[in-house]
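I opened this model to take notes on its strands, its interface and its charged pairs. My entries follow.

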2 protein chains.
Amino acid sequence: MSKEQLSIVKIGGNVIEDSSALDDFLQLFSKLEGYKILVHGGGKRATHVASKLGIASNMINGRRITDADTLEVITMVYGGLVNKNIVAKLQGLNIDAIGLTGADINSIYSKKRPVKEIDYGFVGDVKKVNHQSINKLIQADFTPVFCAITHDGNGQLFNTNADTIASELAIGLSKLYQVELYYCFEKNGVLKSVDDENSVIEYMDYGTYEQLKHQGAFHDGMLPKLDNSFRAIEFGVSRVFIGNPTVISDKDQKFTTLYL
Amino acid sequence: MSKEQLSIVKIGGNVIEDSSALDDFLQLFSKLEGYKILVHGGGKRATHVASKLGIASNMINGRRITDADTLEVITMVYGGLVNKNIVAKLQGLNIDAIGLTGADINSIYSKKRPVKEIDYGFVGDVKKVNHQSINKLIQADFTPVFCAITHDGNGQLFNTNADTIASELAIGLSKLYQVELYYCFEKNGVLKSVDDENSVIEYMDYGTYEQLKHQGAFHDGMLPKLDNSFRAIEFGVSRVFIGNPTVISDKDQKFTTLYL
């Protein structure tokens, strides 16, 4: 029996921070057919609120060092402000959205990232996606909206990379669905030369990725996205698309499709 | 056929603000048998965060005037910080909690409070509880945890009194369940004289309430709680208890039970 289709769409900070871009995206998302899940980051909003609260933001290699105060800001901004406004807007578009962290319905269990050279603080690496619990919501015709927070099952919340949450959800739910994963961001896709928007690589397999990576073709922020993408395909996700937010409805444009 | 039982427990700011009191309460709540729902306010935490962000808190008759900036703080603190930490703690106690605003699964629809003498801003009066949607979560064995936020179905979130949310949820769900509503706060119950903790009125009917109200026996903050309680009983809720948080597990102490 063939599985039903599920689209998992991750949007990044640039969409979140621009109210009209977010509205445009949510319109497209609301029209996407079939089962779907939205995953969002929080972008610079958390940095902004932290700074107003007198909490310094400490980033290493694009990852936020998350002390207790910073975790509170993350929980407020990602789990509250951003997530609940997206849910309210989707409800306004007749999508029966439900906002979630990984703590809700024990959906995403993680462990504190081990301390090697750097102690990232309250940052969790995903260990298990509870696809049965999430599926109860999907089957009840609710549309889950995940922010980038997970938990350890013992009362502790963790800050977790949103790209990783999207790929782990995709892998977990591929046991039940034919999953398509969309990474939407400010570029039209994976670019061969960072400065040339027309240099979109339309199809990329793992071998090509490795080769281009060794040539230093990719921006630092692109590497975890691509690593997550190939991991997703390796573990059962049907297709991964990388492109600007309109890619979810318009396939007559350039974007990147990944395959093994 | 007799209906199954559902307990709805509302906790106030004093429990939220005291981390060990909250832990103690959540332990008791986790052991409460049968279906259950938790409703929480946010207490002074929102005022504290607002003040740090340079947003003045403007209270009239104990109600917060909610401008756009204040609504953002409410959404961060109630919907994010407080709600998600409670959810994570309940998961640590093996309760499969799910944190909600009234926007999630369109659970509580409200309208902006009409402007008479005072414009309360983004404050919503509850118009409809979507008991069917909430029941899907209950029947999936999830334990809903509501914060004091609702929505207008058109993308707008509203700040809403947590006592009212608890009573409206209780009324809505009494169509499906035999509902017991608990208002937990810092006193042992409704007191005949505010300064005497031993003056708990153990049983109070509506006639007695009206009589005592006219005598000016009750503190301002008590009146909406009691009005909400009697409204709940009038519209189908089986019983309303008012007392300190231990009342949910220990009935061998003084507390107030209301009846019509």
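**Entry 1: strand 8 of chain A**

I started with A:I98 and looked up its bridge partner in strand 8 of chain A, which is A:P144. The model is predicted, so I read each entry as a description of a prediction. A:I98 led me to the strand pairing: strand 5 (residues 97-100) of chain A and strand 8 of chain A run parallel, with four bridges between them.

Next I checked strand 2 (residues 35-40) of chain A. Two bridges join strand 2 to strand 8 of chain A, again in parallel. There I found A:L38 opposite A:V145 of strand 8.

Are the faces of strand 8 covered or not? Both are covered. I noted A:T143 and A:V145 as buried on one side, and A:P144 and A:F146 as buried on the other.

**Entry 2: B:T257**

I moved to chain B and picked B:T257, which sits in strand 14 (residues 256-259) of chain B. Is B:T257 buried or exposed? Its relative accessibility is 9%, so I wrote it down as buried.

What does B:T257 touch, beyond its neighbours within four places in sequence? I listed B:E202, B:Y203, B:M204, B:R239, B:V240 and B:F241. I took one of these further. B:V240 is 17 residues from B:T257 in sequence, and their C-alpha atoms are 5.9 Å apart in space.

**Entry 3: where chain B meets chain A**

How many residues are in contact across the two chains? I read 38 residues of chain B against 38 residues of chain A. The area buried between the chains is about 3000 Å². Carbon and sulfur atoms give 65% of that area. I then asked which three residues of chain B supply more of the area it buries than any other three. They are B:L53, B:M76 and B:K84, with 18%.

I turned to the polar side of the interface. Four salt bridges are counted between chain B and chain A. I looked at the pair B:R45 and A:E72, whose side chains meet in a salt bridge at 2.9 Å, N to O. I also noted 12 residue pairs in polar contact between the chains, with both residues at pLDDT 80 or more.

Which elements of chain B give two or more residues to the side that touches chain A? My list has helix 3 (44-52), helix 4 (68-92), strand 5 (97-100) and helix 5 (131-139) of chain B. Helix 4 of chain B has the largest share, 14 residues. By class, I recorded 16 nonpolar, 14 polar and eight charged residues on this side of chain B.

**Entry 4: positive phi in a loop**

Most residues other than glycine have a negative phi. I therefore noted the exceptions in chain B with this rule in mind. B:I105 has a positive phi, near 45°. B:N106 also has a positive phi, near 50°. I placed B:I105 in the loop between strand 5 and strand 6 (108-112) of chain B, and B:N106 is found in that loop too. B:I105 is buried, at 0% relative accessible area. B:N106 is partly exposed, at 26%.

**Entry 5: A:N244**

A:N244 lies in the loop between strand 13 (239-243) and strand 14 (256-259) of chain A. With 13% relative accessible area, A:N244 counts as buried. Its side chain makes a polar contact of 3.3 Å with that of A:Q253. Setting aside neighbours within four places in sequence, I also found A:N244 in contact with A:C184, A:F185, A:K187 and A:N188, among others.

**Entry 6: salt bridges**

I searched the whole structure and got 22 salt bridges over all chains. One of them joins A:E168 and A:R231, with the closest N and O atoms 2.9 Å apart. This pair links distant parts of the chain: A:E168 is in helix 6 (residues 162-173) of chain A and A:R231 in helix 8 (residues 222-234) of chain A, 63 residues apart. A:E168 is buried, at 12%. A:R231 is partly exposed, at 35%.

The side chains of A:E210 and A:K213 meet in a salt bridge at 3.5 Å, N to O. They are three residues apart in helix 7 (residues 206-214) of chain A, so about one helical turn separates them.

My last note is a network of salt bridges that links A:K10, A:D163 and A:K225.

Methods:
Residues are numbered from 1 along each chain as its sequence is written. Chains are lettered from A and ligands numbered from 1 in the order in which they are written. This is a predicted model: local features need pLDDT of at least 70, side-chain atom pairs count only at pLDDT 80 or more; totals for chains, interfaces and linings use all residues. Side-chain values use heavy atoms; hydrogens and water are left out. Buried means under 20% relative accessible area, exposed over 50%, partly exposed in between (1.4 Å probe, protein chains only). Two strands pair if DSSP finds at least two bridges between them. Contact means heavy atoms within 4.5 Å. Buried area is the accessible area (1.4 Å probe) that two parts lose on being put together, summed over both. A polar contact is a pair of N or O atoms within 3.5 Å; within protein, one must be able to donate a hydrogen and the other to accept it, and residues adjacent in sequence count only if both atoms are side-chain atoms. Ala, Val, Leu, Ile, Met, Phe, Trp, Tyr, Cys and Pro count as nonpolar, Asp, Glu, Lys and Arg as charged, and the others, Gly among them, as polar.
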